[in-house]
Structure formats: C-alpha cells, structure tokens
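Colleague: Could you take a close look at one spot in this model for me? I'd like to know how it sits in its surroundings.

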Amino acid sequence: VQLAESGGGLVQAGGSLRLSCSASGSIFSVNDMGWYRQAPGMQRELVAISTSGGGTNYTDSVKGRFTISRDDARKVVHLQMNSLKPEDTSVYYCRMIVRVSSSSPWYQYWGMGTQVTVSS
C-alpha cells in the first residue's frame, strides 16, 4: 500500500490550496483518513481526520478554514485549505488506516509529505 500526496506549493497569506492523497495497492477497506503536518523542529501534529463513520475532527487552529473530505470508492482524501496563514507553513502528510482483507488487522500508512509554504 502506498499513499501519494499532491497539491502543495507556495501561496500568499489569505490564499487557498487543496491537498489530495490517493492510496494504491491491495486495499480491502479504509478506516480513518487524516492529515498531519510537521514544521521544522516541531512535532508532527494532527490537522484533520475523517472517520469511516462520517465524523470529522480538526485542530483548533484550522477550524473554519480547512475542510477534510474523502472518497472511499477512489480511496482518496482531500484537504481544502482556505484563508491560509504563514503559521500554516509546514510539510503536510496524509495517513490512512487500512486493511488488505476482511480478516487482516488494520495497519497505518503514511505518505511522503507535501510542502505548503504561506508567504506573508
């Protein structure tokens, strides 16, 4: 199973970006899909998560600005980021909890990350 992120880049403060992450490989089903970020010298933090039951959760600093969405059939998760701020600058990683068969355990997989830079 591999995850591939796309959509990062350089944007001015107040602008928008849309990140996408697609999973490939032998996948039976996906549970949680989420986005995390890690700035230099900082710990990786949760940005947003989407559960298989339809629930979502966001870190306080992005509430009202970011929206996570998923397409289970295509095994894709998106992160729409609006009203971006310089403090959103980071490497963004997607994470999925996946199982490869109905009887296999759940495993977590991470993408390689995509850089988001917001200039002031």
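Is Ser22 buried, exposed or partly exposed, and why does it count as such?

Modeller: Sure, and keep in mind that this is a predicted model. Ser22 counts as partly exposed, because its relative accessibility is 34%, and the partly exposed class lies between the buried limit of under 20% and the exposed limit of over 50%.

Now for where that serine sits. Ser22 belongs to strand 3, which covers residues 17-24. Leaving aside residues up to four places away in sequence, Ser22 touches Gln2, Leu3, Ala4, Lys75 and Val76. Take Leu3 from that list: 19 residues separate Leu3 and Ser22 in sequence, yet their C-alpha atoms are 5.6 Å apart in space.

Lys75, another residue that Ser22 touches, deserves a look of its own. Lys75 lies in the loop between strand 7 (66-71) and strand 8 (76-81). The backbone there has a positive phi of about 55°, although Lys75 is not a glycine. As background, most residues other than glycine have a negative phi. If you follow the chain on to the loop between strand 8 and strand 9 (90-99), you come to Ser83. Ser83 is not a glycine either, and has a positive phi of about 50°. Ser83 counts as partly exposed because its relative accessible area is 42%.

Stepping back, here is the setting for that spot. The protein has eleven strands and zero helices, so to speak a plain run of β from start to end when you read along the sequence. In the protein, contacts between residues at least 6 apart in sequence join residues at least 24 apart in 56% of cases. Of the 120 residues, 40% count as buried.

As for overall dimensions, the radius of gyration is 14 Å, which agrees with the value near 14 Å for a compact globule because that is what the rule gives for 120 residues. Along the principal axes, the C-alpha atoms fill a box of roughly 50 × 25 × 25 Å. The accessible surface comes to about 6,300 Å², and carbon and sulfur atoms account for 48% of that surface. On the charge side, the protein has 11 positive and 8 negative charges, and their mean positions are 4 Å apart.

So back to your spot: Ser22 is a partly exposed residue of strand 3, and its contacts include Leu3 and Lys75.

Note on methods: Residues numbered from 1 in each chain as written. Predicted model: local features only at pLDDT ≥ 70, side-chain atom pairs only at ≥ 80, totals over all residues. Heavy atoms only, no water. Helix = DSSP H or I, 4+ residues; strand = E, 2+ residues; numbered from the N terminus. Rg over C-alpha atoms; globule rule 2.2 N^0.38 Å. Buried < 20%, exposed > 50% of the residue type's maximum accessible area, 1.4 Å probe, protein only. Contact = heavy atoms within 4.5 Å. Areas by Shrake-Rupley, 256 points an atom, 1.4 Å probe, with all protein chains shown as cover. Lys, Arg positive; Asp, Glu negative; His and termini not counted. Charge placed at Lys NZ, Arg CZ, Asp CG, Glu CD.
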